[in-house]
Amino acid sequence: MPKQIPAHIAVIMDGNGRWAKKRGLPPIAGHKKGADALKETVKACAEIGVKHLTVYAFSTENWGRPKEEVGFLMDLFMQTMEKEVEELNRNNVRLRFLGRLGQFSEKLQAKMKESMEKLQNNTGLNLNVMVNYGGRAEIVDALQELLNSPHLNVGNISESDISNHLYTAGIPDPDLLIRTANEMRISNFLLWQLAYAEIYVTPVFWPDFGKPQLLEAITDFNKRERRFGLRK
Ligand code: IPE
Ligand code: IPE
Ligand code: MG
């Protein structure tokens, strides 16, 4: 077991399409398996005492994928909530969906709301699922809200003013960012919050990611020297 467990882990769950392609299957088969991988990672994080887990499930850009794939993902979100909320509750997980939720169907929005409310008093792992999420969209939304707030002093905006209006207000910044499937990019994820996160990229495709891979990432994190710009 690694010595130090990061308080907040963020994950870009990538490689579902490639996982499926390797097996001669359509991307949706990878997404289905990806939902199982998420379940395992959530459970592992709860077990080892991670406080916050933030996962990238659907980006503002992902709407541009083929209609059948987008439709499948929407159905998968719905089914996963129907199937997993009870188990999350038993594991004391608190759930938040963050992003521009208003673009989802009324039915899906209602289910997200119901799931979040059901788990809102839990005190274990905080699970943030980023959906219709874009880092730039989030900053735009934060500024919009900030500029509309009644006590704003426009000439005196601080970093915490912005942080406090992000979807992630009140949640500490991620310590560790994991990206699966070997891409060395951020893809519009948590642009503000990742300022000093340690980045870990693994070639493992998301559907193959589980507790052993999570522990490997945390072991690597334990070897990092975080400097935050200081001389150490
Ligand atoms: C990530 O897997 C899941 C979503 C973006 C919803 P991909 O579907 O992007 O997988 P690759 O990158 O095509 O392998
Ligand atoms: C980022 O992965 C979005 C999610 C994991 C939900 P993408 O596969 O969409 O990103 P790119 O296209 O590789 O940058
Ligand atoms: Mg991808």
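How far is an oxygen atom of ligand 1 from a polar backbone atom of Asn16? In this predicted model, the separation is 3.1 Å, and the legends below take up the surroundings of the two ligands in turn.

**View 1. Backbone and side-chain contacts to ligand 1.** The polar backbone atom of Asn16 that lies 3.1 Å from an oxygen atom of ligand 1 is shown together with a backbone N or O atom of Gly15, which is placed 3.3 Å from an oxygen atom of this ligand. Arg18 contributes through its side chain, a polar atom of which lies 2.7 Å from an oxygen atom of ligand 1. Taken alone, ligand 1 exposes 380 Å², and the protein buries 82% of that area.

**View 2. The shell of residues around ligand 1.** Ligand 1 occupies the space of the largest pocket, and the residues around it are Met13, Asp14, Gly15, Asn16, Gly17, Arg18, His31, Ala57, Asn62, Arg65 and Leu73. By character, this shell divides into three nonpolar, five polar and three charged residues. Helix H1, which spans residues 16-22, gives the most to the shell around ligand 1, with three residues.

**View 3. Side-chain contacts to ligand 2.** Three side chains are drawn here with ligand 2, beginning with Arg185, of which a polar side-chain atom lies 2.9 Å from an oxygen atom of the ligand. For Asn62, the corresponding distance from a polar side-chain atom to an oxygen atom of ligand 2 is 3.0 Å, while for Asp14 a polar side-chain atom is found 3.2 Å from an oxygen atom of ligand 2. On its own, ligand 2 has 390 Å² of accessible area, of which the protein covers 77%.

**View 4. The shell of residues around ligand 2.** The space taken by ligand 2 is the largest pocket, and ligand 2 is surrounded there by Ile12, Met13, Asp14, Tyr56, Ala57, Phe58, Asn62, Arg65, Arg179, Arg185 and Ser187. Strand E2, covering residues 52-59, gives the most to this shell, with three residues. The shell around ligand 2 is made up of five nonpolar, two polar and four charged residues.

**View 5. Residues that line both ligands.** Asp14 and Asn62, whose side chains make the contacts to ligand 2 described above, also stand among the residues around ligand 1. Met13, Ala57 and Arg65 likewise appear both in the surroundings of ligand 1 and in those of ligand 2.

Key. Residues numbered from 1 in each chain as written. Chains lettered and ligands numbered in written order. Predicted model: local features only at pLDDT ≥ 70, side-chain atom pairs only at ≥ 80, totals over all residues. Heavy atoms only, no water. Near = heavy atom within 4 Å. Polar contact = N/O pair within 3.5 Å; in protein donor to acceptor, adjacent residues only side chain to side chain. Areas by Shrake-Rupley, 256 points an atom, 1.4 Å probe, with all protein chains shown as cover. 1 Å grid on protein atoms, 1.4 Å probe; cavity = no way out; pocket = protein on both sides within 12 Å on 5 of 7 lines; lining within 4 Å. Sits in = over half its atoms within 2 Å of the grid points. Helix = DSSP H or I, 4+ residues; strand = E, 2+ residues; numbered from the N terminus. Nonpolar A, V, L, I, M, F, W, Y, C, P; charged D, E, K, R; others polar.
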